[in-house]
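Could you walk me through this structure in my viewer, one selection at a time? I would like to know what to pick next and what is there.

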2 protein chains.
Amino acid sequence: MLSTTPRTTLGREKHRASTDRADLYDVLDSGLICHLGVVTDGHPMVVPTAYGRIGDTLYLHGSTGARSLRAGGEHEVCVTVTHVDGLVLARSVFNHSFNYRSAIVYGTARTVTDEDERLEGLRALTEHLAPGQWDYTRRPSRKELAATAVLALSLAEASVKLRTGPPNDEEEDYALPVWAGVLPIVTTWGEPETDPALQNGIEVPVHIRARR
Amino acid sequence: MLSTTPRTTLGREKHRASTDRADLYDVLDSGLICHLGVVTDGHPMVVPTAYGRIGDTLYLHGSTGARSLRAGGEHEVCVTVTHVDGLVLARSVFNHSFNYRSAIVYGTARTVTDEDERLEGLRALTEHLAPGQWDYTRRPSRKELAATAVLALSLAEASVKLRTGPPNDEEEDYALPVWAGVLPIVTTWGEPETDPALQNGIEVPVHIRARR
């Protein structure tokens, strides 16, 4: 079960909330990027970034010089992952919507300092994107690690919102001579594009083919 | 040209910045949803939401009861639109990346009170999602309009970041026996799914077929 706090309790459209932790994992694990929100000098800032998950901890990374993580230490953040699954075309402008799955995680992200946890976090980030890459590619050097900030965020305070199915129109609008339905949005992997600088003869590895 | 302010000037990876206003329009117009960042009670909050554009103004909307817009009036916001075009699989963990196009808009969003501009904003939002729907479906009623907050945000302070092409590996890593390249991510429209409650005989309209 997901915890309920004032921030994670939906004020509106309560029927779209899920309190099932499995749904949270699902939305997070099937996403590619998140949108990381921070407050800098009192202003909101939202940047797209990669992430990975180990149990109930989300890992993020960034350059140690990046604005959004500049101060080091702890950061109050909001991490949002959204899948847009379809455009819901209703009979009225007002009832147009999206079919979507979204997760919002609130909390204080801590800068990870333990070297083992830093590596585990980076591994989770890499494996989230392409399972198998951590063991297949060159691991981070000491210098690269020094340039990388790793942040950990607990999934203690999170909410999940889902919408599926056809439009919900007003009773009287169902008689209108207007088509209504869903235009699905499908995200797929294309054919791997080999780096032109690749040494001759190296094939696309099985774990990358499997990613598709 | 896009303005340069401390917030819109990239601290890192300057070569990925675009200062071309046409690129900004491109990223915004080809997106479906944005991630809206606000500060509530000192905490960052990031929610996915729809948007539309008229010239150099972005329009957002929400329920007048929504938390992110609750206070009415003016709101300091950050609006981010991201397209993920591919997974960049490098020879080293460190150089993994995404091919992407993203726009970040900073500013103070004003609650639109002029009824004509409110309608124009809602029209832009609707037409952004599915051109032709505004004239095809039932327009908002007085009651629906009263329940809808419309926000306007100037595109005066915005940045665009783009990455395309194969991985950028370290010189010495090109000799590694590791496949490298890009796994493209392709987003497409599926076949329209007609609402089971639809009156018999109404066909998918041409403007929706054209959306695909």
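Two strands count as paired here if DSSP finds at least two bridges between them. With that in hand, keep in mind that this is a predicted model, and let's begin.

**Start inside chain B.** Select strand E5 (residues 74-89) of chain B together with E9(B): the two pair in the antiparallel sense over 4 bridges. Zoom in on Gly86(B), and you will find Pro184(B) of E9(B) opposite.

**Now bring in chain A.** Add E9(A) to the selection; E9(A) and E9(B) pair in the antiparallel sense, with 5 bridges. Click on Thr187(A), whose bridge partner in E9(B) is Thr187(B). Next, pick strand E10 (residues 193-194) of chain A, which pairs with strand E9 (residues 181-189) of chain B, again antiparallel, over 2 bridges. Here Thr194(A) faces Gly181(B) of E9(B).

**Step back to the whole interface.** How many residues of chain A are in contact with chain B? Select them and you will have 81, in contact with 81 residues of chain B. Strand E9 (residues 181-189) of chain A gives the largest share of this side, 9 residues. Colour that side of chain A by character to see 50 nonpolar, 19 polar and 12 charged residues.

**Finish with the symmetry.** Superpose chain A on chain B: a rotation of 180 degrees with 0.0 Å of shift along its axis does it, at an RMSD of 0.0 Å. The two copies are therefore related as by a two-fold rotation axis. The same surface serves both, as 100% of the contact residues of chain A recur in chain B. Return to Thr187(A) for a last look: of the residues of chain A, its C-alpha comes closest to the rotation axis, at 2.2 Å.

Terms used. Residues are numbered from 1 along each chain as its sequence is written. Chains are lettered from A and ligands numbered from 1 in the order in which they are written. This is a predicted model: local features need pLDDT of at least 70, side-chain atom pairs count only at pLDDT 80 or more; totals for chains, interfaces and linings use all residues. Copies are superposed by least squares on the C-alpha atoms of residues with pLDDT of at least 70 in both. Two residues are in contact if their C-beta atoms, placed from the backbone, lie within 7 Å. Ala, Val, Leu, Ile, Met, Phe, Trp, Tyr, Cys and Pro count as nonpolar, Asp, Glu, Lys and Arg as charged, and the others, Gly among them, as polar.
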